[in-house]
Every structure is written in C-alpha cells, then in structure tokens.
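Ready to poke around a protein model? Have a look at the picture first, and then we'll talk it through.

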Amino acid sequence: MPKSTFKYTNGELTVVWKPDTCIHSRICWTQLRDVFDPAKKPWINMSGADTEAIIEQVRKCPSGALSYFMNEQAVDTGEASDIVAEKASISQIQISPNGPILIKTDCEITHSDGHTEVKQGTTALCRCGASTNKPFCDGSHRKIGFEG
Ligand code: FES
C-alpha cells in the first residue's frame, strides 16, 4: 500500500505530513491549535502562526509524521533558517513509557530487505511488536495496552 504524504506551505516553509507514520500523540494540536486542528479541513493552517512557531511545534512531533523544509534554504538567512541549521551534537534516544523508542535526530534506517530510508526530525520505532508499520510505531501500543 503506498504511503500518503501531504504538504502545506506558507510560502517560505513547507510542512510535510505522513499520516501512516502518525502515532496520534496529540502534541501538535494541543500545543498549537491555530495551526494544527484535526476538526478542520485542511487540518493544517499555515497562516495560524509564524514560521518559527510552526517549526518549533513540528520538531516536537514524536513520530516524525510531521517534518518540514524551508522553501528557499539557500537564499533565506533569517532566524527560521538558523533553527533549521541548529543540530544537537549528541544523538538523543528516548524510551517512551509504554510506547515507542524515539530517535530524536535525523537518521538513515536500513530495513531488513536492505533498502534505506532517511528520516528527518524524530522517528518512533515500535517496541511493543503490534505495529502494522514496522519498524515504525503506528500507535497500536495504546490499543493493546502495552506496558514497558
Ligand atoms: S510501540 Fe507503538 S505500535 Fe508498538
């Protein structure tokens, strides 16, 4: 089944949403409702906040379902680009209570069949075994009441 990808832009920034990767953490719409509102269509309103605020929120996405890129990174030298350039020097991996392993940096995943995939932002890897989108978490840990 092909993976869905949706893009939303405000001209300088494009937010990419991959619903198949979403673990429904609710972080985006509970923290920046003027931009992320699942009750509206489209559910992402790029006019709801400035570029910096949107970038800051997208970077909090625990699954990597939300990511972003600057439309003109080579030309833009504003503050938003500075945020894009900011990278942690130490990789952070977090074990979510009763949930996935969160790799909090850009990474390249090599799948069991050998193909590779670059993930930007945070990537959530299933550790409950119930995901239908392995190796990624799809939120199934909640349905099975995973504890760990
Ligand atoms: S940890 Fe989320 S589906 Fe397995």
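Below is a set of questions and answers about this protein chain.

Q: Before we start, what kind of model is this, and what pLDDT do local features need?
A: This is a predicted model, where side-chain atom pairs count only at pLDDT 80 or more, totals for chains, interfaces and linings use all residues, and local features need pLDDT of at least 70. Residues are numbered from 1 along each chain as its sequence is written. The pLDDT asked for is at least 70.

Q: How many helices and strands does the protein chain have?
A: Helices and strands here are DSSP runs numbered from the N terminus: helices are H or I with at least four residues, and strands are E with at least two. Reading from the N terminus, the order is β-β-α-α-β-α-β-β-β-β-β-α. The totals are four helices and eight strands.

Q: What share of the 148 residues is buried?
A: Burial is about C-beta atoms, placed from the backbone: 20 or more others within 10 Å of a residue's own makes it buried, 12 or fewer makes it exposed, and anything in between is partly exposed. By that rule, the buried part of the protein chain is 25%.

Q: Among contacts with a separation of 6 or more, what percentage joins residues 24 or more positions apart?
A: A contact means that the C-beta atoms of two residues, placed from the backbone, lie within 7 Å. Take the contacts in the protein chain with a separation of 6 or more, and look for partners 24 or more positions apart. Their share is 52%.

Q: In what order do the three strands of the open sheet stand?
A: Strands count as paired if DSSP finds at least two bridges between them. Pairing in this sheet is antiparallel, and E2 is joined to E3 by five bridges, with Val 16 partnered by Ser 67 in E3. E1 (6–9) and E3 each have a single partner strand, so they stand at the edges with one side lacking a neighbour in the sheet. The order is E1-E2-E3.

Q: At about what angle does H2 run to E2?
A: Angles run from 0 to 180 degrees between N-to-C directions, using axes that are lines fitted to C-alpha atoms (for helices, over the stretch in contact). H2 lies across both E2 and E3. Its angle to E2 is about 25°.

Q: Which residues of the largest nonpolar core touch the most other members?
A: A nonpolar core is a set of buried Ala, Val, Leu, Ile, Met, Phe, Trp, Tyr and Cys residues joined through C-beta atoms within 7 Å. The largest one here has 20 residues, and the three that touch the most other members are Val 15, Val 58 and Leu 66.

Q: Which element gives the largest share of this core?
A: Strand E2 (13–17), H2 and strand E3 (66–70) each give two or more residues to the core. Domain 1 (6–85) and domain 2 (93–144) both contribute, so the core lies between them; those bounds come from an automatic or database domain assignment. The largest share, three residues, comes from E2.

Q: Is Glu 52 buried or partly exposed?
A: Glu 52 belongs to helix H2 (residues 51–58). Its C-alpha atom is 9.4 Å from that of Leu 13, a residue 39 places away along the chain. Glu 52 has 14 C-beta neighbours inside 10 Å, so it counts as partly exposed.

Q: Which residue takes a positive phi near 100° in the hairpin of E6 and E7?
A: E6 (residues 107–110) and E7 (residues 116–119) pair in the antiparallel sense over four bridges. Thr 110 has Thr 116 as its bridge partner, while Glu 108 stands opposite Val 118. Five residues sit between the strands, and the one with that phi is Gly 114.

Q: Which residue does a cis peptide bond join to Lys 134?
A: Omega of this bond is about 10°. The residue sits in the loop between strand E8 (122–125) and helix H4 (140–144). It is Pro 135.

Q: Is His 24 buried or exposed?
A: His 24 is in the loop between E2 and H1, and its phi is near 55°, a positive value in a residue other than glycine. It has 12 other C-beta atoms within 10 Å, so His 24 is exposed.
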